[in-house]
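Thanks for coming, everyone. I'll put the structure up and walk through it.

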Amino acid sequence: MVPVTGAGGLDSGTVDWDALRAAAIAAMQKAYVPYSKFPVGAAALTGDGRIVSGCNVENASYGLTLCAECALVGQLHMTGGGLLRAFYCVDGGGNVLMPCGRCRQLLYEFRAPDMQLMTTQGIKSMDQVLPDAFGPEHLEENR
């Protein structure tokens with residue numbers, strides 16, 4: 001387990017990264033990928049301690065394919081909502097996989113202030129993987 005450190009270096013709890021990886025792998029094994037053969041699984045820890053997960057679901061039209069992160073956010077809302085504290089994504093071999101830019105934006109929308117992501121270069125903050133992001137707070141500023 002690795003402590004998640006928030007703003008100001010305050011410990012906001014402990015993340016069991018092994019459990020997140022296992023949940024991401026379990027989700028990846030349910031992926032529907034008849035076209036690309038590239039399964040993806042994602043798992044995240046919520047602010048209230050739940051683990052939510054998702055897998056990619058392809059479509060013959062490709063453009064309608066759902067990323068694992070989309071499915072994860074759907075499960076987040078179906079199981080009580082909340083914010084994401086920690087995130088882990090894997091490919092078909094169980095290797096760490098970075099979310100694409102679109103999915104980073106989706107994760108940003110539902111992040112806790114101290115959200116951390118497992119990356120190919122270790123644990124990073126959401127601000128490190130999507131610097132200067134646009135989010136709901138910007139809409140509020142302009143109202």
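Start with Met126. Set aside its neighbours within four places in sequence, and Met126 is in contact with Arg104, Leu107, Tyr108, Arg111, Met115 and Leu117. Keep in mind that this is a predicted model.

Met126 belongs to the largest nonpolar core, which has 20 residues. Which members touch the most others? They are Leu72, Leu84, Phe87, Leu107, Met115, Leu117 and Met126. Several elements each supply at least two residues of this core: strand 3 (41-46), helix 2 (68-78), strand 5 (84-90), helix 3 (101-109), strand 6 (111-119) and helix 4 (126-129). Helix 2 gives the largest share, four residues. There is another core, lying apart from this one. That one has 13 residues, including Trp17, Ala24, Met28 and Leu45.

Now helix 2. Its buried residues are Ala68, Glu69, Cys70, Leu72, Val73 and Leu76. A reminder on helix geometry: an α-helix has 3.6 residues a turn, so residues three or four places apart point the same way. What covers the buried residues of helix 2? The cover includes strand 3, strand 4 (51-55), strand 5 and helix 3. After helix 2 comes Gly80, with a positive phi near 120°.

On to the strands. Strand 5 first. Seven of its seven residues are buried, so strand 5 is largely enclosed by the rest of the structure. It has strand partners too. Strand 3 and strand 5 run antiparallel, joined by six bridges. Look at Ala43: its bridge partner in strand 5 is Tyr88. Strand 5 and strand 6 pair in the parallel sense, over three bridges. There, Ala86 stands opposite Gln116 in strand 6.

Strand 3 also pairs with strand 4. These two run antiparallel, with five bridges between them. Gly41 sits opposite Cys55 in strand 4. Strand 3 and strand 4 form a hairpin, and four residues lie between them. In that turn, Gly49 has a positive phi of about 95°.

Cys55 gives us a link to helix 1 (17-28). Ala26 is in helix 1. Ala26 and Cys55 are 29 residues apart in sequence, yet 9.0 Å apart in space, C-alpha to C-alpha. Is Ala26 buried, exposed or partly exposed? Its relative accessibility is 37%, so Ala26 counts as partly exposed.

Next, the loop between helix 1 and strand 3. Val33 lies there. Why does Val33 count as buried? Because its relative accessibility is 14%, and the cut-off for buried is under 20%. Leave out residues up to four places away, and Val33 touches Phe38, Pro39, Asn56 and Glu58. Take Asn56. Val33 and Asn56 are 23 residues apart in sequence and 7.3 Å apart in space, C-alpha to C-alpha.

Lys37 is in this loop as well. Lys37 is exposed, with a relative accessible area of 60%. Its phi is near 60°, a positive value in a residue other than glycine. Tyr62 is another such case, with phi near 55°. Tyr62 is found in the loop between strand 4 and helix 2. Tyr62 is exposed too, at a relative accessible area of 54%.

Now the pocket. The largest pocket has a volume of about 170 Å³. How many residues line it? The lining has 15, and Phe38, Val40, Asn56, Cys67 and Glu69 lie nearest the centre. You have met some of these names already. Phe38 and Asn56 are among the contacts of Val33. Glu69 is one of the buried residues of helix 2. By class, the lining has 10 nonpolar, three polar and two charged residues.

Last, the whole chain. The protein has five helices and seven strands. Read along the sequence, the pattern is β-β-α-β-β-α-β-α-β-β-α-α. Of its 143 residues, 42% count as buried. What about long-range contacts? Take contacts between residues at least 6 apart in sequence: 56% of them join residues at least 24 apart.

To recap: Met126 is one of the core members that touch the most others, helix 2 supplies the largest share of that core, and strand 5 has seven of seven residues buried. Happy to take questions.

Note on methods: Residues numbered from 1 in each chain as written. Predicted model: local features only at pLDDT ≥ 70, side-chain atom pairs only at ≥ 80, totals over all residues. Heavy atoms only, no water. 1 Å grid on protein atoms, 1.4 Å probe; cavity = no way out; pocket = protein on both sides within 12 Å on 5 of 7 lines; lining within 4 Å. Points joined across faces, edges and corners; volume = space filled by probe spheres on them. Nonpolar A, V, L, I, M, F, W, Y, C, P; charged D, E, K, R; others polar. Core = buried A, V, L, I, M, F, W, Y, C linked by side-chain atoms within 4.5 Å. Buried < 20%, exposed > 50% of the residue type's maximum accessible area, 1.4 Å probe, protein only. Contact = heavy atoms within 4.5 Å. Pairing = 2+ DSSP bridges.
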